[in-house]
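Reader: I'm new to this one. Could you take me on a close look at the spot around the ligand?

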Amino acid sequence: MRSLIDILDLSVREIDELIATATDIIENPDAYSRKCEGRKLATLFFEPSTRTRLSFEAAMYELGGHVLTVVGAGGSSVAKGESIADTARTVNCYADIIALRHPQEGAALVAAQHVPIPVINAGDGGHCHPTQTLADLLTIYREKGGFANLTVGVCGDLKYGRTVHSLIGALSRYEGVRFVMISPRELKVPGYVTAGLKEHQIPYTETDSLEGSIPDLDILYMTRIQRERFDDPALYDALKDTYVLTPEKLNLAKPDMCVMHPLPRVNEISTAIDSDPRACYFKQVKNGKYMRMALILKLLREPFDPREPRTLYHHLRCNNPRCVTRTEQELAPAFILTGPKDAPVYRCLYCEHRAR
Ligand code: NCD
């Protein structure tokens, strides 16, 4: 069965098809109201969530299906020390499709390796969040008519911001897209994101100035500084108010720039901006439900896994303390070889961190 672990598991053509289905759902919701009759979605959320979980659940209900839910490790056998593999195998006995959010990076891939039903990554630590990207893509498509030639600013916690990692991956595949990455030095995008940009020669700049960058942007994607991912609370306190988008700063932007945010917002966008026509963050919330409906339909229909077999290397250990290989019972480390032939790099299959 086909799973969605990383946004790049979907081709550009498949993204186009999902956008077309979501658009049709928006226009003809009744035609979809029984498409998943008798099917069950399990939402397993081991990290806090409002939008992602509820939109998955609303999506399944609007397709006529049912939902089984686990919220928080404390409410399940995970609190007793059950592995991700065993949890997934158990849920496979009850549900037809799983949406999993978990703090360990690579958790959704581990789950998908152990069940014959589709697993959707609803956020794995600071790594990826492909279905938020689907919401973002539908929003950009509806606002801008397409993705080519956009200058996309991503601002805030680019180190732990899984939504940003997936969005950059998805948009990198369109002609003429360039990125402006706005963050404090301590929260720059991880190497596995910039490695992909370098490999495909996609232009990007890194800066700490929001005011200096905003006039050039077609999209400004704000993110929250994520307190829960910091090992050092003093560093969080020092960085938490670095960027606040105010009406004064928005005055410097193009008249049709889209302001996006995956939400939750803490204070990085002034509420005075909510009524500005450029504010798109609540549109993203709504679009997320339609794209998740389109995705559930697609994955439940597809009996194959088109993932190419890859050569795996098992002689290294992943140094990322948040990698699932550090906590999952008897999970062997696995690395893939990436990068150019003259400078190859081993990257962890699960969390993409580089072996050192
Ligand atoms: C984000 C997440 O959980 O990664 N929110 C979301 O899913 N819409 C962003 C965040 O938590 O800051």
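Author: Here is a walk around the ligand site, followed by a quick look at the domains.

A bit of housekeeping: this is a predicted model, where local features need pLDDT of at least 70, side-chain atom pairs count only at pLDDT 80 or more, and totals for chains, interfaces and linings use all residues. Residues are numbered from 1 along each chain as its sequence is written, and side-chain values use heavy atoms, with hydrogens and water left out.

So who's around the ligand? Thr52, Arg101, His129, Gln132, Arg162, Thr163, Arg224, Pro262, Leu263 and Pro264 surround it, each having a heavy atom within 4 Å of it. Sorted by class, that shell holds three nonpolar, four polar and three charged residues; here Pro and Leu count as nonpolar, Arg as charged, and Thr, His and Gln as polar.

Some of these neighbours make polar contacts, meaning a pair of N or O atoms within 3.5 Å. His129 puts a polar side-chain atom 2.7 Å from an oxygen atom of the ligand. For Arg162, a side-chain N or O atom is 2.7 Å from a ligand oxygen, and Arg224 likewise has a side-chain N or O atom 2.7 Å from an oxygen of the ligand. On its own the ligand has 320 Å² of accessible area, and the protein covers 93% of that (Shrake-Rupley method, 1.4 Å probe).

Stepping back, the domain assignment splits the protein chain into domain 1 (7–128 + 286–301) and domain 2 (130–283). Their C-alpha centres lie 24 Å apart, and the contact between them takes 31 residues from domain 1 and 28 residues from domain 2, with contact meaning heavy atoms within 4.5 Å.

Methods: Polar contact = N/O pair within 3.5 Å; in protein donor to acceptor, adjacent residues only side chain to side chain. Domains from an automatic or database assignment.
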